[in-house]
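Visitor: I'd like a close look at just one part of this protein, please. Could you pick a strand and walk me through what surrounds it?

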Amino acid sequence: MKHVGNCFCGAVTIEVTGEPAAMGYCHCRSCRSWSGGPVNAFSLWKPEAVRITEGAQHVETFAKTPLSQRKYCKKCGGHLMTNHPPLDLIDVFSATIPTLAFTPGVHVNYSETVLPMRDGLPKLKDFPAEFGGSGEMMQE
């Protein structure tokens, strides 16, 4: 399966292939601030599944922390993806790849939520233990 997406102005085209490693919602303050919303819908991919096929010269990177290299189009400011080198995963905004059937499976960093979501999905206080978090579950 292949999905194609673009930045806000269309100057940058990205392609993801295969299936995402995970999909869900992040509630951390950084993701909320970066996405401009009360929650960020993520899709995580192995690096080899994500390619910039057009407009690579327009891609800029901002790294607030070593965990996240946030990539955006320097022409329009449209957000594209966040590379997480320590996790060996890339978070492609689900809105960036509109043909992906977004099927969330988890909430991460739910202890920071500003928008409680009662959807029956698991809610982790921070990150799964395998990604360096506590793995602790929270109640809805």
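Guide: Sure! One term before we start: two strands count as paired if DSSP finds at least two bridges between them. Keep in mind, too, that this is a predicted model. Let's settle on strand β8, which covers residues 79–84.

Begin with the partner that comes before β8 in the chain. Strand β7, residues 68–73, pairs with β8 in the antiparallel sense, and four bridges link the two. If you want a spot to find by eye, look for R70, which stands opposite T82 in β8. To get from β7 to β8 the chain makes a hairpin, with five residues between the strands. Have a look at G77 in that turn: its phi is positive, at about 85°.

Now for the other partner, strand β9, made up of residues 89–93. Here again the strands run antiparallel, and four bridges join β8 to β9. This time the pair to look for is M81 and V92, with V92 sitting in β9 opposite M81. β8 and β9 make a hairpin as well, with four residues between the strands. D88 in this hairpin takes a positive phi, near 55°.

So how covered is β8 itself? Mostly: five of its six residues are buried. Buried here means under 20% relative accessible area.

Put it all together and you have β8 with an antiparallel partner in β7 and another antiparallel partner in β9. Try tracing the chain through the β7–β8 hairpin, past G77 in its turn, then along β8 and into the β8–β9 hairpin, where D88 is found.

Note on methods:
Residues numbered from 1 in each chain as written. Predicted model: local features only at pLDDT ≥ 70, side-chain atom pairs only at ≥ 80, totals over all residues. Heavy atoms only, no water. Buried < 20%, exposed > 50% of the residue type's maximum accessible area, 1.4 Å probe, protein only.
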